[in-house]
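Me: I should like a close look at a single helix and at whatever surrounds it. Please explain each term, with its cut-offs, when you use it.

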Amino acid sequence: HQIVLLHLLSRDELEPPLRGNLRLRDSESGEVTDHFVTDEETAAYKRLLHDHCGRWRSFCLHSGIIYRMIPTDTTLEEAVLVVLRECGVLA
């Protein structure tokens with residue numbers, strides 16, 4: 001059997017749309033804070049995400065698992081017909 005890890009990430013996770021002045025509300029506590037999102041923070045976030053995905057990719061490689069990151073706006077048809085075929089799951 002072949003194990004395949006499909007890592008689903010939204011476009012907002014891949015390319016954060018938030019910039020500039022923001023008012024953020026903690027969904028658990030309800031606390032509100034104002035924050036200015038800089039280009040440097042966005043770049044740091046992208047580096048952290050890249051490293052995170054790289055660790056999963058490395059783990060999978062060393063474990064004999066196929067790793068694929070799929071944006072959540074990928075159509076079901078593309079995910080099944082293209083990605084799973086590329087992974088060797090479907091013929």
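Reply: A salt bridge is a side-chain nitrogen of Lys or Arg within 4 Å of a carboxyl oxygen of Asp or Glu. The structure is a predicted model, in which local features need pLDDT of at least 70 and side-chain atom pairs count only at pLDDT 80 or more, while totals for chains, interfaces and linings use all residues. Residues are numbered from 1 along each chain as its sequence is written, and side-chain values use heavy atoms, with hydrogens and water left out.

The part chosen is helix α2, which covers residues 39-63; helices (H or I, at least four residues) and strands (E, at least two) are DSSP runs, numbered from the N terminus.

Four salt bridges are found in the structure, and one of them joins E15 to K46, with the closest N and O atoms 2.9 Å apart. E15 belongs to the loop between α1 and β2, whereas K46 belongs to α2, so this pair ties together parts 31 residues apart in sequence. K46 is partly exposed, with a relative accessible area of 29% (buried means under 20%, exposed over 50%, and partly exposed in between, with a 1.4 Å probe and protein chains only).

Another salt bridge links D39 with R19, and here the closest N and O atoms are 3.9 Å apart. Since D39 lies in α2 and R19 in the loop between α1 and β2, the pair connects parts that are 20 residues apart in sequence. The two partners differ in exposure: D39 counts as exposed at 56% relative accessibility, while R19 is partly exposed at 39%.

R19 also appears in the surroundings of T42, a residue of α2. If neighbours within four places in sequence are left aside, T42 is in contact (heavy atoms within 4.5 Å) with L18, R19 and V37. Is T42 buried or exposed? With a relative accessible area of 7%, T42 is buried.

V37 belongs to strand β3, residues 32-37, which pairs with strand β2, residues 20-25, in the antiparallel sense over six bridges; two strands pair if DSSP finds at least two bridges between them. Within this pairing, L22 stands opposite H35 of β3. F36, also in β3, is partly exposed at 47% relative accessibility. Not counting residues up to four places away in sequence, F36 touches G20, N21 and E41. F36 and L22 are 14 residues apart along the chain, yet their C-alpha atoms are separated by 6.0 Å. Six residues lie between the strands in the hairpin of β2 and β3, where G30 takes a positive phi near 80°.

We return to the helix and its place in the interior. The largest nonpolar core consists of seven residues, namely L9, L14, L49, C53, C60, I65 and Y67 (such a core is a set of buried Ala, Val, Leu, Ile, Met, Phe, Trp, Tyr and Cys residues joined through side-chain atoms within 4.5 Å). Which helix gives the most to this core? It is α2, with three residues. L9, another member of the core, is in contact with both L49 and C53; its other contacts, apart from neighbours within four places in sequence, are L14, M69, I70, P71 and T72.

The helix also carries an aromatic pair, and a search of the whole structure finds one such pair. The ring centres of W56 and F59 are 6.1 Å apart and the planes stand at 90°, so the pair is edge-to-face. For this purpose, rings of Phe, Tyr and Trp (its six-membered ring) pair if their centres lie within 6.5 Å, with planes under 30 degrees apart counted as stacked, over 60 as edge-to-face and the rest as tilted. Why are W56 and F59 separated by about one helical turn? The reason is that they are three residues apart in α2. An α-helix has 3.6 residues a turn, so residues three or four places apart point the same way. W56 is partly exposed at 36% relative accessibility, and F59 is likewise partly exposed, at 45%.

In summary, α2 gives three residues to the largest nonpolar core. The helix holds D39, the salt-bridge partner of R19 in the loop between α1 and β2, and K46, the partner of E15 in that loop.
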